[in-house]
Amino acid sequence: MAAIVGLIIIITALLSLNKNISPFPSPRQQAVLITSGPFKLIRHPIYTGILMFTCGVGLYTENITRLIIFLLLLLLFNLKARYEEILLVKKFPAYTDYKKHTGMFLPKFYK
């Protein structure tokens, strides 16, 4: 179930980003800050979806290698997201306030 939810999150986030998507940490020059769709609750929903998918598959198959891959991806995405956010704050000053209201990989349930 987690894997399916992860795929849905990935697809929804990709559709929300549209032309703003980039495989690189730095935002595109013509990019705009997206704070709607899954980005309303989570700053990095594509990473969240990938993590949910890999964790779900690892647990479902009871495969330790897949669970290790999940943990390595968690570490990688945490580092990459922190670097991306430095660049996003530089490009979008409103990103600082956006960070206060949204979680990095999971929604914030508190203010």
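Good morning. I begin with helix α2, residues 45-61, in this predicted model. Its 17 residues, taken at 1.5 Å a residue, should span 24 Å, and the end C-alpha atoms are indeed 24 Å apart, so expectation and model agree. Directly after α2 comes Glu62, with a positive phi near 55 degrees.

Let me turn to burial. Within α2, the buried residues are Pro45, Ile46, Tyr47, Thr48, Gly49, Leu51, Thr54, Gly56 and Gly58. Which elements cover them? Among them are α1, residues 2-17, and α3, residues 64-91.

The pairing with α3 deserves a closer description. The axes of α2 and α3 come within 9 Å of each other and cross at roughly 170 degrees. Since angles over 145 degrees count as roughly antiparallel, α2 is therefore roughly antiparallel to α3. The residues of this contact comprise 12 nonpolar, 3 polar and 3 charged. On the α2 side, the participants are Tyr47, Ile50, Leu51, Thr54, Cys55, Val57, Gly58, Leu59 and Thr61. They meet Arg66, Leu67, Phe70, Leu73, Leu74, Phe77, Lys80, Ala81 and Glu84 of α3. Of the α2 residues named here, Tyr47, Leu51, Thr54 and Gly58 are also among the buried ones.

Finally, I would like to consider one residue of α3, namely Glu85. Is Glu85 buried or exposed? Its relative accessibility is 4%, and because buried means under 20%, Glu85 counts as buried. What does Glu85 touch, leaving aside residues up to four places away in sequence? Its contacts are Arg43, His44, Tyr95, Lys99 and Met104.

Thank you.

Terms used
Residues are numbered from 1 along each chain as its sequence is written. This is a predicted model: local features need pLDDT of at least 70, side-chain atom pairs count only at pLDDT 80 or more; totals for chains, interfaces and linings use all residues. Side-chain values use heavy atoms; hydrogens and water are left out. Helices (H or I, at least four residues) and strands (E, at least two) are DSSP runs, numbered from the N terminus. The expected span of a helix is 1.5 Å times one less than its number of residues. Buried means under 20% relative accessible area, exposed over 50%, partly exposed in between (1.4 Å probe, protein chains only). Contact means heavy atoms within 4.5 Å. Axes are lines fitted to C-alpha atoms, for helices over the stretch in contact, and angles run from 0 to 180 degrees between N-to-C directions. Angles under 35 degrees count as roughly parallel, over 145 as roughly antiparallel, 65 to 115 as roughly perpendicular and the rest as oblique. Ala, Val, Leu, Ile, Met, Phe, Trp, Tyr, Cys and Pro count as nonpolar, Asp, Glu, Lys and Arg as charged, and the others, Gly among them, as polar.
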